[in-house]
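Here is a short set of questions and answers on side-chain contacts. Take the structure first, then the questions.

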Amino acid sequence: MAVTQKQLLAIFEGAFITLQLTIIAIIIGLIFGLFFALARISKNKVLNTISWTYIWVFRGTPLLLQILVIYFTLPSIGIRLNAFMSGIIALSLNSAAYLAEIIRAAILSIDKGQMEASKALGFSYYQAMFKIIIPQSYRRLIPPVGNEAIMLLKDSSLVSTMGITELLRTSRIMVNSNGDSIYYAIAAVIYLFFTTIFTLIFQKLEAKYSVYE
């Protein structure tokens, strides 16, 4: 069965939703991930405990369960969100937990002497962290953050459980209505295209910040 222009347009719209979910979630995940990473290495016991608990919960439970809780359970306590917003929140919170550990590991990999030297120059802890330590960790962050972005791209298909017509759900609807599995192949090609683009972007960033130039 030939794929019509209308069907291709619907698939591309689903692909655009998938890309939106991924990009928004990875950006929010990086922001929250940095916060929780800094809290995790903080000497403040309250912040440290909150961060540890957050990471423990979101890394220790399935993403699908987190999506279902946010979309179906929160309304029972008066918090109502549409499907797209619920998907963004679930993907972002899950991603932030993994990115927090990635960022924390990158920060801790920087020699402690850098912090001591910064303090000797009169920098406060947070000035040293944001002006000296974190910038040095960029090149160590790029490969694992790239992997997380690709994983998030694929995991975004789980939001279809809320009725969001992202790429995989759109393809499934077409297969069910037409009985032709060619739509799954088209979806696979689009996923591969996106992951290839992400891979190339992060490879360029890695080369830019590489110490071997």
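Q: At what N to O distance do the side chains of Glu101 and Arg104 meet in a salt bridge?
A: This is a predicted model, where local features need pLDDT of at least 70, side-chain atom pairs count only at pLDDT 80 or more, and totals for chains, interfaces and linings use all residues. Residues are numbered from 1 along each chain as its sequence is written, and side-chain values use heavy atoms, with hydrogens and water left out. A salt bridge is a side-chain nitrogen of Lys or Arg within 4 Å of a carboxyl oxygen of Asp or Glu. The Glu101 and Arg104 side chains satisfy this, N to O, at 3.0 Å.

Q: Which helix holds both Glu101 and Arg104?
A: Helices are DSSP runs (H or I, at least four residues), numbered from the N terminus. Glu101 and Arg104 sit three residues apart, about one turn of the helix. Both lie in helix H4.

Q: Is Glu101 buried or exposed?
A: Buried means under 20% relative accessible area, exposed over 50%, and partly exposed in between (1.4 Å probe, protein chains only). Glu101 has 18% relative accessibility, so Glu101 counts as buried.

Q: Why does the pair of Arg59 and Glu101 tie together parts that are 42 residues apart in sequence?
A: The side chains of Arg59 and Glu101 meet in a salt bridge of 3.6 Å, N to O. The pair ties those parts together because Arg59 lies in helix H2 (residues 45–60) and Glu101 in helix H4 (residues 83–108).

Q: Which residues do salt bridges that share partners join into one network?
A: By the salt-bridge rule, the count comes to two. Glu101 bridges to Arg104, and Arg59 bridges to Glu101. The one network joins Arg59, Glu101 and Arg104.

Q: How many aromatic pairs does a search of the whole structure find?
A: Rings of Phe, Tyr and Trp (its six-membered ring) pair if their centres lie within 6.5 Å; planes under 30 degrees apart count as stacked, over 60 as edge-to-face and the rest as tilted. The search of the whole structure gives six.

Q: Is the pair of Phe35 and Phe36 stacked or edge-to-face?
A: The ring centres of Phe35 and Phe36 are 5.2 Å apart. Their planes stand at 75°, so the pair is edge-to-face.

Q: What is the angle between the planes of Phe36 and Tyr54?
A: Phe36 is buried, and so is Tyr54. Their rings form a stacked pair, 4.1 Å centre to centre. The angle between the planes is 0°.

Note on methods:
Helices (H or I, at least four residues) and strands (E, at least two) are DSSP runs, numbered from the N terminus.
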